[in-house]
Amino acid sequence: MIRKRWIIMVVAALYGVAAGHAQYTAGIKGLITLKEKHPVNIQLLEMRPQDATGEPLSLVLEVGEDMTFGKEFHLERPGFFYLITQVGEHGDKYISQHICYICPGHTLELNYSETDEYSFVPETDRMTDSANKLLFESDLFYHRLSRTAWENPPKDVESCQTILRQWQTYYTESLQKCTVNNAEVKAFAKIQAYERYLSLLYRLPLIEEQSNTGRMNVPETYYTLPFDASEFFDDERAMLFASSVSHLRNYLNTLNGFHPYARLTLEQIEQNVKLLRKNVSNRAMSDKTLESMLEIYLSGYRMRESYETDKAYFGKLADHLSSKEQRDRLCTRFDYLRYTAVGASAPDATLKNEQGQSVTLKQFKGRYVYIDLWASWCIPCRKEIPSLQKLEKEYEGKNIAFVSISLDKKSSTWKNTLETLQMHGHQLFGGESTLTEQLNVTSIPHFLLYDPDGKLLLYKAPVPSSEQIRPLLDKLLSQ
């Protein structure tokens, strides 16, 4: 009797474990149809709020020889995911990105096919999952509309408004007709529709400008929204979209009569802060937007006589942020700007050489120092390397040191590139240092020049392939 009871308890326990496993198991599977065979990579990436901590769930789906794919994974709660599919080497044939909804105990089934030489999309005609059918069809219509706009740029405001009306009509009708019972999916679809409207609103007038035919004359009335802005910006789901912060920044700019993408002064940022506090109750969204405005200001700041006054004003604006950590980080970055002034000493950041030994820029004092900030993944950086190596050979034995500092995240990547490109001389790894923040470097390659006293001569020195670099060095070294 005891043995029988024990067996029943074990079976029940195993059944409970299996049921629990099934309860928190989700899946995705499907088939890919291509006219010609190409390598295919599929990634599933969880959408997370911008203020979320921890890493989002990220999965790579294996595609078999028969072009089928499938994967089961642990999922404790329903969520929205980016489904990113790349066809061809490094996605050079197609890159397809769509949003899907996945919940525990459910497997998403979908098939991909080519529709023309530009499109590789999920088939929705026979899709029985009404929630994902709504999301995928919305994606497909938006991408078609965007592609048409890029192929035939709108010439004037009226053309832009026609495209906006097309999108507004589509999402209004699709939300009215949809048979989705899931309230969260319907709410998300509405927020996504607003996000797409804002993307088109601010981007459409720029397409013509980017095609080098001049800036479109856009009246303030163009930026009037057909929905209450708070419906988007105050909804926590908006934080799932990385673009929501830039949309709010653009919205505030236009309310204050600035160009959506204007580079603002501190006074103009303060005007936006007043509107932000008045119109947006979503504190996470508000903080992220103010943070982004201050980040943009920092990235474009150039040292001037008003530095100390600007620093105090900047700190006053940063005080509006909820997080002390963020306030301190931004104010520290402003303090670092002193390193970008002509005559400033080099930062005291600790770098590593190939042997793993610590090196500082002060160790090169007594010589002119020409610094190259680069990274393995940066194509323009790699293009300058042959010219830099030639320059180094020409000035060998003279009172100048050529120092290359890698900003790669992994030292192994840096070392592999050094070997591949046969890079020698002063090669340092700065991927784990604060150097880029201290020097306010926002793009690479970036070249700097210091004098023998370790003082900054040029914050943006001529690149090695330029005609200006040799006359400059010859003049300095002849003094």
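This passage describes the fold, the central strand pairing, one helix with its preceding loop, and the cysteines of a predicted model.

The chain comprises 479 residues, of which 45% count as buried. Its secondary structure consists of 14 helices and 15 strands. Along the principal axes, the C-alpha atoms occupy a box of roughly 90 × 70 × 55 Å. Among contacts with a sequence separation of 6 or more, 69% are made by residues 24 or more positions apart.

Strand β11, spanning residues 368-374, is mostly covered, with seven of its seven residues buried. The side chains of β11 are divided between two directions: Tyr368, Tyr370, Asp372 and Trp374 point one way, while Val369, Ile371 and Leu373 point the other way. Burial extends to both of these sets. Strand β12 (residues 400-406) runs parallel to β11 and is joined to it by seven bridges. Within this pairing, Val369 has Ala401 of β12 as its bridge partner. The connection from β11 to β12 passes through helix α11 (residues 379-394), and the resulting β-α-β crossover is right-handed. Strand β14 (residues 446-450) also pairs with β11, here in the antiparallel sense and over five bridges. Ile371 is bridged to Leu448 of β14. Strand β11 is thus described by a parallel pairing with β12 and an antiparallel pairing with β14.

Helix α7 contains 14 residues and extends 20 Å from its first C-alpha to its last, close to the 20 Å expected at 1.5 Å a residue. Its buried residues are Leu266, Ile269, Asn272, Val273, Leu275 and Leu276. In an α-helix there are 3.6 residues a turn, so residues three or four places apart point the same way. The cover over the buried residues of α7 includes α6, α8 (283-299) and α9 (307-318).

The loop between α6 (244-255) and α7 (266-279) contains His259. His259 is classed as partly exposed because its relative accessibility is 29%, a value that falls between the limits of 20% for buried and 50% for exposed residues. Beyond residues up to four places away in sequence, His259 touches Leu206, Arg215 and Asn253. A polar atom of the His259 side chain lies 3.0 Å from the backbone nitrogen of Tyr261. The C-alpha atom of His259 is separated by 9.9 Å from that of Tyr202, a residue 57 positions away along the chain.

The structure holds one disulfide, which joins Cys378 to Cys381 with an S to S distance of 2.3 Å. The torsion about this S-S bond is about 80 degrees, and the disulfide is therefore right-handed. Cys378 and Cys381 are both buried. Cys100, by contrast, is in no disulfide, the nearest cysteine sulfur being that of Cys103 at 11 Å. This distance excludes a disulfide because the two sulfur atoms would have to lie within 2.5 Å. Cys100 is nevertheless buried, with a relative accessible area of 0%. Cys331 is partly exposed, with a relative accessible area of 29%.

Note on methods
Residues are numbered from 1 along each chain as its sequence is written. Side-chain values use heavy atoms; hydrogens and water are left out. Buried means under 20% relative accessible area, exposed over 50%, partly exposed in between (1.4 Å probe, protein chains only). Helices (H or I, at least four residues) and strands (E, at least two) are DSSP runs, numbered from the N terminus. Contact means heavy atoms within 4.5 Å. A polar contact is a pair of N or O atoms within 3.5 Å; within protein, one must be able to donate a hydrogen and the other to accept it, and residues adjacent in sequence count only if both atoms are side-chain atoms. The expected span of a helix is 1.5 Å times one less than its number of residues. Two strands pair if DSSP finds at least two bridges between them. A crossover is right-handed if, with the strands pointing away from the viewer, the path from the first strand over the helix to the second runs clockwise.
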